[in-house]
Each structure stands twice: as structure tokens, then as C-alpha cells.
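Please open the structure in your viewer and keep the selection panel at hand. The stops below say what to select next and what is to be found there.

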There are 2 protein chains.
Amino acid sequence: MMETVERLDEITKLLGQDGGSALLDFVTEIHPADISLCFSKLEEAQQRAFTLALPPQKIAELLPYLPTSEASEVLAWRPSSEHAAIFDQLNDDDLVDLLQSLKIGQSRAAIHLLPESKKALAQSLLSYPEDTAGGRMTTNFATVYPEMTIREAIENLRENAEITEVLARIFVVGKDTGKLLGKVRLRDLTFNRRSTHIRDVMSDETISVRAGADQEAAVMMMSKYNIFALPVTNQKSQLLGVITYDDALEIQEEESTEDLEKQSAISGTPSDERYLETPVLEHIKRRFGWVLFLALIAIVSGLVIKQYEELITQTIVLAVYMPMIVAAGGNTGGQAATMVIRAMSLGEFSPSSFAKVAWKECRVGILIGGLLGLCIGLQIHFLPVTTEFPEGTNVSNIALTVCLALTAQVATSTLVGALLPILAKSARLDPAVVASPAITTVVDITGLIIYFSLAKWILHL
Amino acid sequence: MMETVERLDEITKLLGQDGGSALLDFVTEIHPADISLCFSKLEEAQQRAFTLALPPQKIAELLPYLPTSEASEVLAWRPSSEHAAIFDQLNDDDLVDLLQSLKIGQSRAAIHLLPESKKALAQSLLSYPEDTAGGRMTTNFATVYPEMTIREAIENLRENAEITEVLARIFVVGKDTGKLLGKVRLRDLTFNRRSTHIRDVMSDETISVRAGADQEAAVMMMSKYNIFALPVTNQKSQLLGVITYDDALEIQEEESTEDLEKQSAISGTPSDERYLETPVLEHIKRRFGWVLFLALIAIVSGLVIKQYEELITQTIVLAVYMPMIVAAGGNTGGQAATMVIRAMSLGEFSPSSFAKVAWKECRVGILIGGLLGLCIGLQIHFLPVTTEFPEGTNVSNIALTVCLALTAQVATSTLVGALLPILAKSARLDPAVVASPAITTVVDITGLIIYFSLAKWILHL
């Protein structure tokens, strides 16, 4: 972090100087990923000056590393006569990311500026939704045919050597069909006789993903099979593009951020905006909805308490343990939900394993609940925090009530926490949506009902 | 998922047949990652029969994909005379993973069985903690010297072509010093004249990570700079090993599971055991600790309620809104914590940005709290759920109390939720430990105090 601060000071200083050559020299020594960190921390006027001080080629290097909103501002600051030159330098997947983030009019103008060769490509890539394999793929990949010799293949690849992102995996496709037939590694070309045919050195592995598949499915395949570059195909098994390891890392990071946020009642999709740079109103937009909804449901809990008003005023010690019953349910329900959601998102089981999960969490819930009930029951009996009881009740009955209520509440909550996400998934909802906060709110209500019913019955009130 | 079930049926059927050749034929057609999924679902006796039916080479292919506990069982079932042959087939990072998971005695015996060349290597790799860059690296990498010609380099690499995992990046090291000087791509060798020197085609990029660094730091670098294979060096900048993209994906997945679990009050490190295969007692061990601790703290909330006993019995409508005040605090605190923890783990800011985060969350908290207070205040005023008030109070005062309490509670909780993780981080604790459940429990207490104090003051009770 220290380094970013120092670089920022230097950039700020150089921005004040005439010309821009000192700034350019300084920036050339820094990796664009680090420049982008500095850029985000500049004031808007400085960002503008910085953008105007650099040649188009530097801007093209920087763009893929910037959050999309800043990238489109940078573009807007540069004269539109330069846009074509900038777009031409971008990899096609970075270009498509950028186009996707532009406002519709701006994006249409941008496509218009592309060279003909890229125009058709960008339009076809833009036709896939952003979060599908097709929306994330690059079309910079190398292909050869089985009938080629290694010499022909190398000649062929040499022409594209600089623009192809992925030369460690070269795909073999049918010359006429365009169908994916297998792959060769660059090493197979380098270390074999040049007269050998591709079909003799190729592997016929064709693990691939359909363009319409969810981006998460693509990453799961890459992670499961240790694949460096995953081919993306259409219904006819024709090779359309490739998802590379760096996209996989990015997708995985995005998906886990999304899971974490959903489990914390934050709605919407995380943008690539950095936390400190995201406006307050944007934060509120993503956080307020669930908070209001859950608050309204919490009124039900309150009405349950009101229902048992008399019981509570008679035996105030019951109120002392009320927050604990409620909290234990929320905590154990949340734990179970996290475990199950995670296992499902790693593809460990599908909703058909409902019964197995229920049986496992049933045992876990009863044991944790029983153990917790026992601990707290003993605490009440031997280390009571209050000794004021109404006539006719004694400490053992209170201890028994809390103990049984905790057991029942934890067992119920664990089961609800484990099964709600599975139900959500079989209803084709994202399981993470019904995670912790939603479960907590539901089991608050059941917990209070369990607790007060047991109290009425055991304490004869 | 359907496929796993079908494969499982077929394997179960083939296990019953004589010999094992039909089974071997079947298994040879399946990717080891898929075999491992089937294997985990077999009964123990079937797993044993399966293990004994395959040749050592197949076992070696399967081992890296199995959860470590199953892998060590498989090893135990095979005669120890075969272990050397199996170990010899494993990549060194997979071998070290396996050795790390064995019980100490078993692991010592295993190292004893290694060929001399691997013994020293395994011992040195085992000396790095499992979650550091050194503990995750592989030593199967290719190096060349700047003085070599491309022809010499290719000759040199050809000998190692099959055992080096990473030929897409070949590292250039000093001939005498072993220091990392840069890298060349296989394409630079393939597409240049064979008499060219390595120093003329190499790039002098030496982005690398120290062996003792956290594995998460390594992945962050790989993701930030789009690095496919990250060199791991010692203090003297000598090249020790490489972390490859597939390890990066695995580490990132592990770390995000760990974050999710910590934020759900699940302690310990997630094992690579699959959810359904993890014993119930193992689940309880990881979940019970926090549940008990948080339950004990919840007694404090209960005592606060008891403190305001009289107030509640006088104005039972206050009890109706009590769960909402409490829940809103937990939810908004959890949201803020998730946002801040995520931003910190992406390296967006360090604890030194304390003031900036506090200022941002202060505004977010007051706005969300105020908005929520307004909504609920209006609800109470115009759509009251109860009309029983004690003498002297009226619905506007109740609405005002709840509105102000919600604002104050949400603002406090948001601030606590955002700042506790930062404090934890500056105290060198993992910020995720103080996430949602811990924050919820703390703000439950503050929320009740805020609510009842305001009620006393506004309602003059």
C-alpha cells in the first residue's frame, strides 16, 4: 500500500509540470494494474489532466484495469477522433467489457468507430449476456487443422503470434466444419519433427463449454479439470472462443463477492467500482431494500411477544433468556445455510440429495441444540443471574424450559437453514438469497413461539 | 450430476465382476476428477475393492483429486511395497499435499520410501507452512540462462519437456547465482532463429513472491497482474518454485470458503472433505464454539431487557418494535462489515484509511437509519398494529421513539460493523472473525439500550 501512496505523490507532482514527457517516462515504468490504483485515487480534474497527458497507446494499456465507470470517463475525455486507435489496441474481450459498460448511445457510437473486422466481432460478442461463457470469452485464439504438418502450423501461427493471447493451448478444428476436434500444446510443435502431422501429436480432449452456459459453470470446469484455456462452442460444437485462466480468476472472485454480499442482505450485482470510490447513494440503493423488508417481517416477532405479554410480565426471567433463544437460532441457521450453499456451489450435490442433507443437519442440529441447552440449563441452575420468580415456579423449571427451548430452536433453525437454500435452488432461485438474514428473521419468529409455548406448558402459567 | 450417478452405477456393477480389466477399461475413459466424485460416494468396502482393482499408475492419477483423508486411506489399503512407485508418479506439489495430510508416523514412513532425489525436495517443501507461497509451489519448472542460444535452450528443455508442468513460461536465472532475471515464452523460442541468444528475447519482468508470504498474497498478485505462473523466491531472490494458475484458482476458492464460513461463525479451517462425507461430530466441532460464546453474550441483552422491565410492562407496544430494532442493527452492521472486509481483502485500502471509511459509513448509516425510521414511523402513525397505550402517551410519541431509535441504532451498527474489522486487521487478527454474528450480538445490546433510553425520555415514563 505504501508504494501506491508514493507513486500517487510522484504523479501529482509530475502532473503540474509542463509537457508530459516526465510523466510518460514515470508511468512507462509502472505496471498498468498499479497505474489504475493511483488513477482511482486522483481528483477528477487530475484524472482528466492525466488522461490528456498520455498517448493513445498508454490509454489502451490502462483501460482494461480501470473500473468500467472510470474507463468510460477516460474515453469521454479523449477526442473521439482517437477512439478508433484506442479500440484497435484492446483485446477483444476487454473491448467488449468496455462496450458493455458504456451507455447505449455512447456504445453505439463506439461500435461505429471500430474497424470493419472488429465491428462484426464486437457485435456478435455483445449478443451474449455479460455473465455467460460467451460474454466472457476472447476470440483471440489459435487454431490448426489435423491435416497440417508442424511446419505449416508454425508458419500459420507465426503470423498471429503476437495477437493470440493463448499459445500454450492451440486448438485443432475441422477444416471445413469448424468443429472442435482436440488440442495441441506449443511444446508438441517445438519438440517434434517439423514434418510430423498435427493429427499425430494432437490430443483429442474436447472438454468445452457452451456459449450460453453460466460463467460460473465455465470456471467450475476449469477448476475441476485444471484447464488453462477452456474452449467455448456453439450447439454445433463449432469453436467460438476461449476463456482463459485470468478470466477464470476474475469470475471466481466476482462470484464469491456476490455470494458474500447476498448472504449479508446486500442486493444487486457488485460493480467493479472500488469501495471508497462508490458514491454513498449507490451503497444505500444496494443495502436499503432488504433492511426494510426484514424490518417489516420483524414486526411479526414483536406481535408474538405481545401475544405472550402476560407470561413475560409474570415471569420476567423468561425475558432475560429471550434474546439468547433468538440469537442461537439465527446463528445456527446461518451456519447450516453457509455450509449447504457452499457445497452446492462447489457442485457437491444437487437438490435431489434433500433427504441426505436433512438427515445430516437433523443430527447436527439436535446435538448442538442439546449441548447448548445443557450448558445454559446448568448455568441457570447453578449460577442464576436473577432469583426473582413468581409464586409456584422454581429455578429448575426455568432451567428446563430454556434448555428444551434451545434444543428445539437450534434443531429447527439448523434444519430450516439447510433446507431453504436447497428449496430455493430447486425453484431455480439463487440459494444465497435465502441465506443468513432471511433465515434469521424467520427463525426469530419460530423461536419465540417455541419458547413461550414451552414456558406456558412447563411452568403451568 | 446425472452423469456421476450413472457412472457410480456402472462402477458398482463392474466391482462385482471377476478380474478388474473391465473396470480398468471403464475408468480409463473417465477424467480422474470425475472418478474422484464417484469414489467419494462408494461405501468403504467398495472403495477398498476399487483401490485394490487398479494398477499403481491409475491410483497415482486419482490421488491428487481425492480429499486428503480419502487419499491417505487409499494409500493405506495398497501394499506399502507399491508406495514408492505411486509417489514417483505424483507431481511434487501433489506429493507434498499428500504428505502434509498423513499422520506424522505415516508421513515419516512415506518420505523414507521416496527416491533420494525426491526425498530432499519433499523435506524442503514440507518445511514451509501449508498456507504460504512456499507450501503451495511446485518445483517442476523450466529454467534457462541468458547466455544460452535458443537452440541450446530447446535442447535443454526437450529433456524435461514431459515433467515440467509449466512450459508456457520459462524462467531465466543467473547461471552462477540462481537469481531470477526474467522470463521467456515458449513462443519466443519457437518463432525466433535458433542462433539468437536468450538475453535478446527474454523479458526482464521479475514479479515474484517470497516463499514465506501468505498464499492469498500470491493469488492477489497473480490476479492483479494476470500472471499465469508466479515465481517464488527466497530472500536472496533465488528462484525456488512456481505457483501456477490451477493452484491460484484452488487457493482463491479455499480462501473465499474460509471467509464465508468465518462470517457465519464457523471456526477452524475448511477441510477438503465434501459436505455429505464430513462426519456429524466434525461439523459440531466447527460450529458449537461460537454458538455457545454468542449465546452467553446474549444474556447481557436479556439483562438489559430486565432492567427496563417496568417500562415494557407499562407500554407493551414498545416490545412489539423491540425485535425490529435489534434485527435492523444486526442486518446493517453485517452489511457494512461485509463491504469493508471484502474491500480490504481485495487490497483496496489498508487500516490507515480508517477515517475515510468511518466518514463514508457514517453518512450511509444515518441515511439508511433515517429512511428506515421514517418508513416505520409512518407505519406506526397511520397503520398501527395496536392501539393499547398507557395513559399519557400517544401514537405520535411512540412513532417518534421508534423512528429515532431506528436511526440511532442503524447509524451506530453501521459504524461498528465497518470499523471493527478494520480494528481487527490493525491488531493483526483476521477481520472476518469479527464479522456478522459477533457484530450482531454486540449491536443487540447497544440497540436495546438506545431504544429504551429514548423511550423513557420521550414518553416521560
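Begin by selecting helix α15 of chain A, residues 215-224. In this predicted model, the helix lies across β4, β5 and β6 of chain A. Relative to β5(A), helix α15 of chain A runs at about 140°.

Next, hide the helix and display the strands beneath your selection. What is the order of the strands in this open sheet of chain A? The order is β4-β5-β6, three strands in all, and their pairing is mixed. Colour β4 (209-210) and β6 (239-244) of chain A: both stand at the edges of the sheet. Each of these two strands has a single partner strand, so one side of each is left without a neighbour in the sheet. As background, strands of a sheet pair through backbone hydrogen bonds, and the pairing may be parallel or antiparallel.

Now select β4(A) together with strand β5 of chain A, residues 229-233. These strands run parallel and are joined by two bridges. To inspect one position, select Arg210(A), which stands opposite Thr233(A) in β5(A).

Move to chain B and select β4, β5 and β6 there. They form an open sheet of three strands in the order β4-β5-β6, with mixed pairing. At the edges of this sheet stand β4 (209-210) and β6 (239-244) of chain B; each has a single partner strand, so one side of each lacks a neighbour in the sheet. β4(B) pairs with strand β5 of chain B (residues 229-233) in the parallel sense, over two bridges. Select Val209(B) and then its bridge partner in β5(B), Val232(B). Add helix α15 of chain B, residues 215-224, which lies across β4, β5 and β6 of chain B at about 140° to β5(B).

Finally, show both chains and turn to the contact between them. Chain A contributes 112 residues to the contact, and chain B contributes 112 residues. About 10400 Å² is buried between chain A and chain B, with 68% of it on carbon and sulfur atoms.

How many salt bridges are counted between chain A and chain B? The count is six. To view a salt bridge, select Glu361(A) and Arg287(B), whose side chains meet at 2.8 Å, N to O. Then select helix α17 of chain A, residues 280-307: with 18 residues, this helix supplies the largest share of the side of chain A that touches chain B. Coloured by residue type, that side of chain A divides into 61 nonpolar, 26 polar and 25 charged residues.

Conventions
Residues numbered from 1 in each chain as written. Chains lettered and ligands numbered in written order. Predicted model: local features only at pLDDT ≥ 70, side-chain atom pairs only at ≥ 80, totals over all residues. Heavy atoms only, no water. Pairing = 2+ DSSP bridges. Helix = DSSP H or I, 4+ residues; strand = E, 2+ residues; numbered from the N terminus. Contact = heavy atoms within 4.5 Å. Axes fitted to C-alpha atoms, helices over the stretch in contact; angles between N-to-C directions. Buried area = accessible area lost by both parts, 1.4 Å probe. Salt bridge = Lys/Arg side-chain N within 4 Å of Asp/Glu carboxyl O. Nonpolar A, V, L, I, M, F, W, Y, C, P; charged D, E, K, R; others polar.
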